[in-house]
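I am opening a fresh page for a structure that is new to me. I want to keep a plain record of what I looked up and what I found.

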Amino acid sequence: MNIRLLVITLLAASQSLAQSGPTRTRLLDADWDFFRDSTATDQQPAFKESTWRKLSLPHDWSIEDLPYQSPGQVMGPFSRASVGTTSTGYTVGGTGWYHKTIVLNRSDAGKVARIQFDGVYMESDVWFNGHHLGYHPNGYTSFNYELTPWLLPTGQANTLVVRVKNLGQNTRWYTGSGIYRHVWLTLTEAVHIAPMGVTITTPQVSAQSARIVVRTQIDNRRNTPLPVRVITTLMKPNGKLAGEDEQVLTVAGNGKVERSQTLTVASPAVWSPESPSLYRAKVVLVAGMKRLDSVTTSFGVRSVEFDARRGFVLNGKRLLLKGGSVHHDNGPLGASAFDRAEERKVELLKANGFNAVRTSHNPPSPAFLDACDRLGLLVVEEAFDMWQRPKKPQDYHLFFDQWWRTDLRAMIERDRNHPSVFLWSIGNEINERADSSGLVLTKQLADEAHRLDPSRPIMEAMCVFWEHPGKVWEDGDKAFALLDVGGYNYEWKHYESDHQRHPDRIMLGTESFAREAFENWQQVEKHPYVLGDFVWTAMDYIGETAIGHALIQPNAEKDSVKAVLPWPWFNAWCGDLDLIGTKKPQSYYRDVVWRNSPVEMAVHSPIPDGMKETVTNWGWPDEHQSWSWPGQEGRPLQVRVFSRSPLVRLELNGKLVGEQQLTDTSITASFTVPYQPGVLKVTGYDGEKITGSVTFRTTGTPHHLRLRTDRTAIRPNRHDLAYVTVEVVDDQGQVVPWQDVPIAFQLTGAGVLAGVGNGNPTDVSSFQQPRKSTFRGRCLAIVQSGGKPGSIILKASSPTIGTAQLTLLVN
């Protein structure tokens, strides 16, 4: 039988098996029992269905409403007594227990069984049928255990118990608590492809052809050797055959073997943010005519080069990295990594001009990276926020020495096939980064990362030595020398001088202030050795409360230098997008900085007489894309115009307010305009040619509610969501930003209300009750599929402006 015919036969057999029998890997998210342990002891509580709550994963108990609600003290998931206080946004951790029953079918008899957790925050212990499988302290890395030795006969109930501890001050931001990512059960024959056992690289790529190297690690749990065939098939993005290869080898009894196969793809469709083409590699193991195992892996064909003279080169062309750092939470859903929530986050970043993201400061969910692959978002994936020295008393530094190799390996082996991942980061603002101990660790971490994945460079995000008085920026040179790429946090002013001292150093702005976006981007456009700029942050997140605030204070006072503000602030408020994904003023500014928009405009809110505004480094002035200021008639308002056009002209109600010329050193023009209702319009000019315009119209009073959904139909899958925005609009359909109203939700049909939210960084009300107030004219309802086909009706009601509803299909 020739290879092609054998492959076709095996593919048909594989499809038939998938239709008629159990799959190799099964999602274990459904039908868990949960118990919140208030005693915080290590003793496993007795399992009683009446006292344990039924739920499905992903689950984050820290986003759930706390018991004993008390206005001003305990509201929604927030408590003033939170041990994390401002760092975690006043949310609460604790200890939680999970219980699940697993029953295997007859067809599963004799299989090798493994369970994988994509992420549990944080310290977890797992028991299976009373046997302690292991302990995993890291809250972000994936881990797995073998179940085979303790499996009961098929048909009998196996018991899985997981304890999760999120105790003390262990984080600088909101982490969530619990099993907040997927759990998987894998069942294989005794001879099988090892976990994370398929690695794909594309070492040579041209327009004519690409060389694809597929390495497969095979485990043999039998006592005797077995000859097997490894058949690898590549499929094009359109589903057609791209290449195939077969090799024969023998796996020793109770042994492992790794085999490399090289295939050539003609005229490859390369992966890029503009065209994220994905191939699939299917590896099949065969002994005789028996199919033993198969694994299908998505990958992208792309070449990546880094050079101080050419910059970041993707597929032979320099690409400027328009980046944003993000934390892992999903706003009103907390840390729960629903597939659709992770995908929507990527969609929002792409829609607002980003082509790259930094997963600060930890590995993200697999679902997030899958979405980055599909939608075309480059990823800097980061491993650690601290090494041996703490940032919080109970953080990962307690485990670093024992666990860093395990966790670094878990990150890289899991994620090295993602074409979106182009750079590994081994740390962020590490305390000991330039000390003798830190330099040793830097080399160890970099060497291990290179060993695990020689195809990608290594970086570390460095900041000024604020925590080491007497040290100067240049003291970091020895650390930079050990890295392939130097990460610069807020230090763009050192780019040119550092290049003079170290002309081969490759630099990346791994964190920057939104207010300095133009200055940072000038450096990126001017100097190839500066690969790009990543703002802190692309999206608002829970925790690090109010680091992006603007504060009104008396003129006579010294400017406030507060970095965080206390209750009721729960949100960092430093994102280009707010907690529900709404575009904020700094994002409009960035559109002009990145040349994605010819002109934008912002109006500052009125500042009371005798007062001034101070803005934190991470903040933005209290500006709005609005010309609706009732009660402020006649009051002079500051209007800022952002443009790269040589001339901008501002008009109010058809009359010229003024015009200003812009030089190459500025993209901002400021005007003072006495407020009167009507139409404010700015137009950009290049000579006589209009480059673009923006118009703000004064809104009327609230007239009705409008519901907008990101999707009108969702799948009958509990991981699918629809995001429904509620807008307060006037009789012309314009969003009314100046009057917030309470909204009550009612949902019927084939779904549930997964969460509600708004962009208000001080609204400490529940994310789970069917009510929320609008903020600047908007709030959000997140609708979750109930798992069965049907329809969902969502109603939103306000006591003053009526009710609106929409229907979602579940099919």
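The entries below follow the order in which I looked things up.

**Entry 1: what kind of model.** I noted before anything else that this is a predicted model.

**Entry 2: a helix.** I began with helix α4, which covers residues 400–415 and holds 16 residues. From its first C-alpha to its last I find 21 Å, which is close to the 22 Å expected at 1.5 Å a residue. I then asked which residues of α4 are buried. The list I wrote down is Phe400, Trp403, Trp404, Asp407, Leu408, Ala410, Met411, Ile412, Glu413, Arg414 and Asp415. Looking up what these buried residues pack against, I found the strands β9 (131–136), β13 (191–205), β25 (378–382) and β26 (421–428), together with the helices α3 (366–375) and α5 (436–452).

**Entry 3: aromatic rings.** Since Phe400 of α4 carries a ring, I turned to ring pairs, and a search of the whole structure gives 38 aromatic pairs. Tyr396 and Phe400 make one of them, an edge-to-face pair with 6.3 Å from centre to centre and 85° between the planes. Tyr396 and Phe400 are both buried. For comparison I looked up Trp473 and Phe480, whose ring centres are 5.8 Å apart and whose planes stand at 55°, so this pair is tilted. Trp473 and Phe480 are buried as well. I also noted a cluster in which ring pairs link Phe384, Trp387, Tyr396, Phe399, Phe400 and Trp404.

**Entry 4: charges over rings.** I next looked for a charged side chain lying over a ring, and found Arg344 over the face of Tyr723, at 4.0 Å from the ring centre. In another case the charged end of Arg649 sits over the ring of Tyr685, 4.6 Å from its centre.

**Entry 5: salt bridges.** How many salt bridges does the count come to? The count comes to 51, and I followed a few of them.

In one, Arg358 bridges to Glu382, with the closest N and O atoms 3.0 Å apart. Arg358 belongs to strand β24 (residues 356–359) and Glu382 to strand β25, so the pair ties together parts that are 24 residues apart in sequence. I checked both ends of this bridge, and Arg358 and Glu382 are both buried.

In helix α5 I found a salt bridge between Glu448 and Arg451, with the closest N and O atoms 2.8 Å apart. Glu448 and Arg451 are 3 residues apart in α5, and thus separated by about one helical turn. Are the ends of this bridge buried or exposed? Glu448 counts as buried, at 10% relative accessibility, whereas Arg451 is exposed, with a relative accessible area of 54%.

The next bridge joins Arg776 to Asp622, and its closest N and O atoms are 3.5 Å apart. Arg776 lies in the loop between β46 (771–773) and β47 (778–785), while Asp622 lies in the loop between β33 (611–615) and β34 (623–624), so the pair ties together parts that are 154 residues apart in sequence. At 27% relative accessibility Arg776 counts as partly exposed, and Asp622, at 27%, also counts as partly exposed.

I closed this entry with a network of salt bridges that links Arg340, Glu343, Glu347, Arg374 and Asp710.

**Entry 6: strands and a sheet.** In strand β38 (residues 668–674) I found a covered face made of Ala669, Phe671 and Val673, and an uncovered one made of Thr668, Ser670, Thr672 and Pro674. In a regular strand, side chains alternate between the two faces of the sheet. Strand β35 (residues 636–643) runs antiparallel to β38 and is joined to it by 7 bridges, and Arg640 has Ser670 in β38 as its bridge partner.

I then looked up an open sheet of 5 strands, in the order β42-β49-β48-β44-β46 and with mixed pairing. Its edges are β42 (713–714) and β46, each with a single partner strand, so one side of each is left without a neighbour in the sheet. Strand β44 (residues 742–749) and β46 run antiparallel and are joined by 3 bridges, with Ala744 opposite Arg771 in β46.

**Entry 7: one loop residue.** My last search was for Asn758, which lies in the loop between β45 (751–757) and β46. Asn758 counts as buried, at 3% relative accessibility. Leaving aside residues up to four places away in sequence, Asn758 touches Leu579, Ile580, Asp763, Lys772, Ser773, Phe775, Arg778 and Cys779.

Methods
Residues numbered from 1 in each chain as written. Predicted model: local features only at pLDDT ≥ 70, side-chain atom pairs only at ≥ 80, totals over all residues. Heavy atoms only, no water. Helix = DSSP H or I, 4+ residues; strand = E, 2+ residues; numbered from the N terminus. Expected span 1.5 Å × (residues − 1). Buried < 20%, exposed > 50% of the residue type's maximum accessible area, 1.4 Å probe, protein only. Contact = heavy atoms within 4.5 Å. Salt bridge = Lys/Arg side-chain N within 4 Å of Asp/Glu carboxyl O. Phe/Tyr/Trp six-rings, centres within 6.5 Å; stacked < 30°, edge-to-face > 60°. Lys NZ or Arg CZ within 6 Å of the ring centre and 35° of its normal. Pairing = 2+ DSSP bridges.
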